[in-house]
Amino acid sequence: MRLHLLALLAKEPAHGYELKQALEQTFGGAYPSPNIGQIYVTLGRLEKDGLVRAVDVEQSNRPNKKVYYLTAKGREVLVTWVDEPTEGPRVRDEFFMKLVLAPLTGIADRMALISRQRRHYLSLMSDLNDLLARTPPTDRVAMLLIEGAMLHLQADLDWLARCQEDLA
């Protein structure tokens, strides 16, 4: 959330509710709607870290609001984030750790774990298909996000099949 907010503030100063709306409008229904409390807590931390500064803006019929501005330090952090490659494969995959370690303890059977995980992935895939069907074709950002998640899930399903073959 920190870096997402910094990116939005690099575009223009904003207050918390504007940032929430910008996230929702930019990513559509594919992006989990952020909690406004989480946004303000994150903004407070960003301000404490010197990445943003807040200015109180008077409003005539409402309480004052804080408008947040990106600082030079915040821009440096944002540029570093954008320039760095994103993490790739998950070598310390949580499910794989369960798959290897749980049977050693007698707590679980590998095939039962694989079956349960497959059902979970298929349920997630179904949810994503429903979300994709509800997403307007003109919302390309949301569609790409959903399609990317679906491709990752399909790869995970293929990997589960491989695990089942090799570990059965």
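Biologist: What makes Asp166 and Arg162 about one helical turn apart in helix α7?
Modeller: In this predicted model, Asp166 and Arg162 are separated by about one turn because they sit four residues apart in helix α7.

Biologist: How do you know that Asp166 forms a salt bridge with Arg162?
Modeller: The closest N and O atoms of Asp166 and Arg162 are 3.2 Å apart, and the term asks for a side-chain nitrogen of Lys or Arg within 4 Å of a carboxyl oxygen of Asp or Glu, so the pair qualifies as a salt bridge. Both Asp166 and Arg162 are exposed.

Biologist: How many salt bridges does a search of the whole structure find?
Modeller: The search finds four salt bridges, and among them is a contact between the side chains of Glu24 and Lys20, with 2.6 Å from N to O. Glu24 and Lys20 both belong to helix α2, which covers residues 16-27, and they too are four residues apart, about one turn of the helix.

Biologist: Why is Lys20 called buried?
Modeller: The relative accessibility of Lys20 is 18%, and buried means under 20%, so Lys20 counts as buried. Its partner Glu24, at 30%, falls between the limits of 20% and 50%, and therefore counts as partly exposed.

Biologist: What makes the contact of Lys11 with Glu12 a salt bridge?
Modeller: The closest N and O atoms of Lys11 and Glu12 are 3.9 Å apart, which is within the 4 Å cut-off, so this pair is also a salt bridge. Lys11 has a relative accessible area of 66%, and because exposed means over 50%, Lys11 is exposed, whereas Glu12, at 43%, counts as partly exposed.

Biologist: Why is Gly16 called buried?
Modeller: Gly16, a residue of helix α2, has a relative accessible area of 0%, which is under 20%, and therefore Gly16 is buried. The C-alpha atom of Gly16 is separated by 9.3 Å from that of Leu5, a residue 11 positions away along the chain.

Biologist: Where does Gln117 lie, and why does Gln117 count as buried?
Modeller: Gln117 is found in helix α6, and because its relative accessibility is 17%, under the limit of 20%, Gln117 counts as buried. From C-alpha to C-alpha, Gln117 and Leu3 are 31 Å apart in space, with their positions 114 residues apart in sequence.

Biologist: Why does Arg62 count as exposed?
Modeller: Arg62 reaches 58% relative accessibility, and exposed means over 50%, so Arg62 counts as exposed. Arg62 lies in the loop between β1 (52-57) and β2 (65-70), and its C-alpha is 38 Å from that of Thr80, although Arg62 and Thr80 are 18 residues apart in sequence.

Biologist: Which residues of the largest nonpolar core touch the most other members?
Modeller: They are Phe95, Leu99, Ile114 and Ile146, in a core of 17 residues. Helices α5 (94-105), α6 (110-134) and α7 each supply at least two residues of this core, and α7 gives the most, with seven residues.

Biologist: Which residues line the largest pocket?
Modeller: The lining consists of Gly88, Pro89, Arg90, Val91, Asp93, Phe96, His152, Asp156 and Trp159, around a volume of about 190 Å³. Helix α7 (residues 140-167) provides the largest share of this lining, three residues.

Biologist: How many residues of the lining are nonpolar, polar and charged?
Modeller: By class, four are nonpolar, two are polar and three are charged. Gly88 counts as polar because Gly is placed among the polar residues here.

Biologist: Where does UniProt place the feature "domain: Transcription regulator PadR N-terminal"?
Modeller: The UniProt record, an unreviewed entry, puts that feature at residues 5-78. Over this stretch the chain is 53% helix and 16% strand, with 10 Å between the end C-alpha atoms.

Biologist: Which residues does the annotation "domain: Transcription regulator PadR C-terminal" cover?
Modeller: According to UniProt, again in an unreviewed entry, that annotation covers residues 91-167. Here the chain is 84% helix and 0% strand, and the end C-alpha atoms are 18 Å apart.

Key. Residues numbered from 1 in each chain as written. Predicted model: local features only at pLDDT ≥ 70, side-chain atom pairs only at ≥ 80, totals over all residues. Heavy atoms only, no water. 1 Å grid on protein atoms, 1.4 Å probe; cavity = no way out; pocket = protein on both sides within 12 Å on 5 of 7 lines; lining within 4 Å. Points joined across faces, edges and corners; volume = space filled by probe spheres on them. UniProt positions renumbered as here; feature names shortened; annotations may be inferred. Buried < 20%, exposed > 50% of the residue type's maximum accessible area, 1.4 Å probe, protein only. Core = buried A, V, L, I, M, F, W, Y, C linked by side-chain atoms within 4.5 Å.
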